[in-house]
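Welcome, and please keep your viewer open beside this text. We will go from one selection to the next and look at what is there.

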2 protein chains.
Amino acid sequence: MKMKTRDRILHSSLALFNEFGESNVTTLQIADELDISPGNLYYHFRSKGDIVNELFGWYEAQINDLLDVPEITISMEDQWLFLHLLFETIAQYRFLYQDLVNVLSRYNHLQTRFQRIMKRKHKACHRICSSLREQGMLSASDAEMTVLSEQIVLTLSYWLSYEMLTHLQDKDAVDLGRGVYQVMSLQAPYLQPQERQLLAQMSEDYR
Amino acid sequence: MKMKTRDRILHSSLALFNEFGESNVTTLQIADELDISPGNLYYHFRSKGDIVNELFGWYEAQINDLLDVPEITISMEDQWLFLHLLFETIAQYRFLYQDLVNVLSRYNHLQTRFQRIMKRKHKACHRICSSLREQGMLSASDAEMTVLSEQIVLTLSYWLSYEMLTHLQDKDAVDLGRGVYQVMSLQAPYLQPQERQLLAQMSEDYR
């Protein structure tokens, strides 16, 4: 099945933004990449901002789906999977995270929407830590839980940029699993011996 | 004493880059801001890249000076001051950190220099944690020390962007002290009760 021009524009834009940074890509380059005329592109999207807007909507739908953590008991393995999926989504839309302050300064209608996502991330991480605490796997005061959740959200948001910085010459060596390990290591000092050992086993590949 | 045109260009560029993001500022805007002709600017700097290069040199000299942690016993208060000064330097050159992957993709001769700084940051943080461990204030295994230093470097590098994201509508509310608190909280679970209490006291203002 042939992809519609509109969708081809969005997919190509996402790839170019992720590769070169959104601010370094023009609509002319996008049209060029797809071998369509600038007029044809303009027919579908009036500006680069419209493309960014649509891609942000994709990202928003995908991450909100993930952040909708159900009110059930969460195991260490559930958490592990949750973090992997979150990192994969962030990697898919990494142009946003690599340049967040600048992107949100230029497209300021996205600010509230992004801040809402940050709050939901915070809530989801707190929810997971709470579930582990309720099961007696994790022991931390309320104040420690707040600091821990904050640190997890920060690491979730920036770990990919940090990892890319250390692998600028070899982007294929970027490994999302190391990010999952880094996040779970934040919990480590609060975990019971048994869970700490489980974490050590799960993360053997990422050291 | 009147500032030389060359220095005025550099200071104005730094202010504009920090405010709007380096990729959103043109040399024409810089000349405009200073009320000089584009030709006059061109006489001093052949391209925006030359300006970025020079500013990077400033940042590099300043941060390297800080990261030269002496081989002496380091107290909690020394660490507190060290972190404050580091965050201040990062804030002064925040255009770099807000857009690091993109800036380093465009000016790739800066990559090695930046990676060298990251390594020195890592070494300095490890050195400080080691000093606290030697004094019996902090108790952590070598593996825990590595994860902890990594997390401190990540937080040092991205905390300002994270803080700005949560204060996009009110940039004056951005508070470097909260970053210092966040970094020291990473150490908290490894600290002895007395040092943990000291940390709680020192950070009362930032909660």
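Which residues does Ser23(B) touch, not counting residues up to four places away in sequence? Select Ser23(B) and you will find Ser23(A), Lys48(B), Asp99(B) and Arg106(B), where contact means heavy atoms within 4.5 Å.

Before moving on, a note on the ground rules. This is a predicted model, in which local features need pLDDT of at least 70 and side-chain atom pairs count only at pLDDT 80 or more, while totals for chains, interfaces and linings use all residues. Residues are numbered from 1 along each chain as its sequence is written, chains are lettered from A and ligands numbered from 1 in the order in which they are written, and side-chain values use heavy atoms, with hydrogens and water left out.

**Stop 1: around Ser23(B)**

Stay with Ser23(B), which sits in the loop between α1 (5–20) and α2 (27–34) of chain B. Helices here are DSSP runs of H or I with at least four residues, strands are runs of E with at least two, and both are numbered from the N terminus. Show the side chains of Ser23(B) and Ser23(A): a polar contact of 3.1 Å joins them. That term stands for a pair of N or O atoms within 3.5 Å; within protein, one must be able to donate a hydrogen and the other to accept it, and residues adjacent in sequence count only if both atoms are side-chain atoms. Now add Gly136(B) and draw a C-alpha to C-alpha distance: Ser23(B) and Gly136(B) are 47 Å apart in space and 113 residues apart in sequence.

**Stop 2: chain A as a whole**

Colour chain A by secondary structure. You should see 11 helices and 0 strands. The C-alpha atoms of chain A fill a box of roughly 60 × 35 × 35 Å along the principal axes.

Next, select Arg127(A) and Glu71(A), whose side chains meet in a salt bridge (3.4 Å, N to O). The rule asks for a side-chain nitrogen of Lys or Arg within 4 Å of a carboxyl oxygen of Asp or Glu. Arg127(A) belongs to helix α8 (residues 111–134) of chain A and Glu71(A) to the loop between α4 (48–67) and α5 (76–92) of chain A, so this pair ties together parts that are 56 residues apart in sequence. Over all chains the count comes to 18 salt bridges.

**Stop 3: where the chains meet**

Show both chains and select the contact residues: 42 residues of chain B touch 42 residues of chain A. The area buried between the two chains is about 3,800 Å², with 56% of it from carbon and sulfur atoms. Buried area is the accessible area (1.4 Å probe) that two parts lose on being put together, summed over both. Highlight Val101(B), Tyr162(B) and Leu165(B), which supply 18% of the area that chain B buries against chain A, more than any other three residues.

For the polar side, the interface holds 17 residue pairs in polar contact, both residues at pLDDT 80 or more. On chain B, α7 (100–106), α8 (111–134), α9 (142–165) and α10 (176–187) each supply at least two residues of the side touching chain A. The largest share, 14 residues, comes from α9(B). This side of chain B divides into 20 nonpolar, 16 polar and 6 charged residues. By class, Ala, Val, Leu, Ile, Met, Phe, Trp, Tyr, Cys and Pro are nonpolar, Asp, Glu, Lys and Arg are charged, and the others, Gly among them, are polar.

The interface also has 2 salt bridges. Zoom in on one that joins Glu144(B) and Arg196(A) through their side chains (3.4 Å, N to O).

**Stop 4: the largest pocket**

Select Tyr162(A), Thr166(A), Arg178(A), His122(B) and Glu150(B), the residues nearest the centre of the largest pocket among the 22 that line it. Its volume is about 460 Å³. On a 1 Å grid over the protein atoms alone, a pocket is an open set with protein on both sides within 12 Å along at least five of seven lines, a cavity is a set of points where a 1.4 Å probe fits but cannot get out, and lining residues have an atom within 4 Å of a point. Grid points are joined across faces, edges and corners, and a volume is the space filled by probe spheres set on the points. The largest share of the pocket lining, 6 residues, comes from α9(B). The lining has 11 nonpolar, 6 polar and 5 charged residues.

**Stop 5: the largest cavity**

Finish with Leu186(A), Pro189(A), Ser185(B), Leu186(B) and Pro189(B), which lie nearest the centre of the largest cavity. About 160 Å³ of space lies there, and the lining has 10 nonpolar, 5 polar and no charged residues.
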